[in-house]
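Here's a quick walk through one protein model, with an eye on how its helices pack. Have the structure open and follow along.

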Amino acid sequence: MILASLLFAFLAAALHVFIFTMESLTWTRPATWRRFGVASQADAETTRPLAFNQGFYNLFLAAGAVIGVTCVALGSAGSAQSVAGWTLILASCGSMLLAALVLVSTGRKYLRAAATQGTLPLFAVVLGLLALTQ
């Protein structure tokens with residue numbers, strides 16, 4: 001279960017790096033803003049600073065998950081390095097999961113986006129907790 005949790009945490013991080021790229025680097029491209037349900041190029045320009053900031057939030061969550069995976073993978077079980085790694089994984093992936101729950105709570109039209117955003121970190125958290133309790 002440890003390996004599976006680390007894999008899901010890494011995949012969740014990769015997804016959030018992709019989201020960062022869209023929100024912070026390609027937000028004003030029509031293919032990106034349409035994916036996020038923005039109505040026009042003018043609206044994309046107006047919301048650009050907000051999306052830029054939100055993208056970095058996603059990047060920092062991804063960084064926490066990757067650092068956590070690295071610490072667990074390279075540390076021995078029960079070591080300070082492993083404990084720090086699990087803490088980062090659970091905090092980062094837990095935040096990703098909670099953000100997905102907030103997104104779905106804003107309306108049914110966001111259900112698919114929330115499922116995309118939240119499924120990988122959900123598996124990382126659940127499998128990680130199961131691995132830690134055995």
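Let's start at Ala113, which sits in helix α5. Keep in mind that this is a predicted model. Is Ala113 buried or exposed, or something in between? With a relative accessible area of 38%, Ala113 counts as partly exposed, because that value lies between the 20% limit for buried and the 50% limit for exposed. If you want a ruler across the model, pair Ala113 with Gly64: they are 49 residues apart in sequence, and their C-alpha atoms are 22 Å apart in space.

Now for the helix packing. Helix α1 covers residues 2-25 and helix α3 covers residues 41-74. Here is how α1 meets two of its partners:

| Helix pair | Axes come within | Crossing angle |
|---|---|---|
| α1 and α3 | 8 Å | roughly 155° |
| α1 and α4 | 11 Å | roughly 50° |

Take α1 and α3 to begin with. Their axes cross at roughly 155°, which makes α1 roughly antiparallel to α3. The crossing of α1 past α3 is left-handed. Sorted by class, the residues in this contact are 18 nonpolar, five polar and one charged.

What about α1 and α4? The axes of these helices cross at roughly 50°, so α1 and α4 are oblique to each other. Here too, α1 passes α4 in a left-handed crossing. On the α1 side, the contact uses Ile2, Ser5, Leu6, Ala9, Ala12, Ala13 and His16, while α4 brings Trp86, Ile89, Cys93 and Met96. That set splits into nine nonpolar and two polar residues, with no charged ones.

Several of those names come back in the core. The largest nonpolar core has 15 residues, and Leu6, Ala9, Ile89, Cys93 and Met96 have the most contacts inside it. Each of α1, α3, α4 (80-105) and α5 (111-132) supplies at least two residues of this core. Which helix gives the most to this core? That's α3, with five residues.

Leu6 is a good place to zoom in. Leaving out residues up to four places away in sequence, Leu6 touches Val69, Val72, Ala73, Trp86 and Ile89. Apart from the largest core lies another one, made of five residues, including Trp27, Trp33, Ala44 and Ala51.

Key: Residues numbered from 1 in each chain as written. Predicted model: local features only at pLDDT ≥ 70, side-chain atom pairs only at ≥ 80, totals over all residues. Heavy atoms only, no water. Axes fitted to C-alpha atoms, helices over the stretch in contact; angles between N-to-C directions. Helix = DSSP H or I, 4+ residues; strand = E, 2+ residues; numbered from the N terminus. Parallel < 35°, antiparallel > 145°, perpendicular 65-115°, else oblique. Left-handed = near helix turned anticlockwise from the far one by under 90°. Nonpolar A, V, L, I, M, F, W, Y, C, P; charged D, E, K, R; others polar. Core = buried A, V, L, I, M, F, W, Y, C linked by side-chain atoms within 4.5 Å. Buried < 20%, exposed > 50% of the residue type's maximum accessible area, 1.4 Å probe, protein only. Contact = heavy atoms within 4.5 Å.
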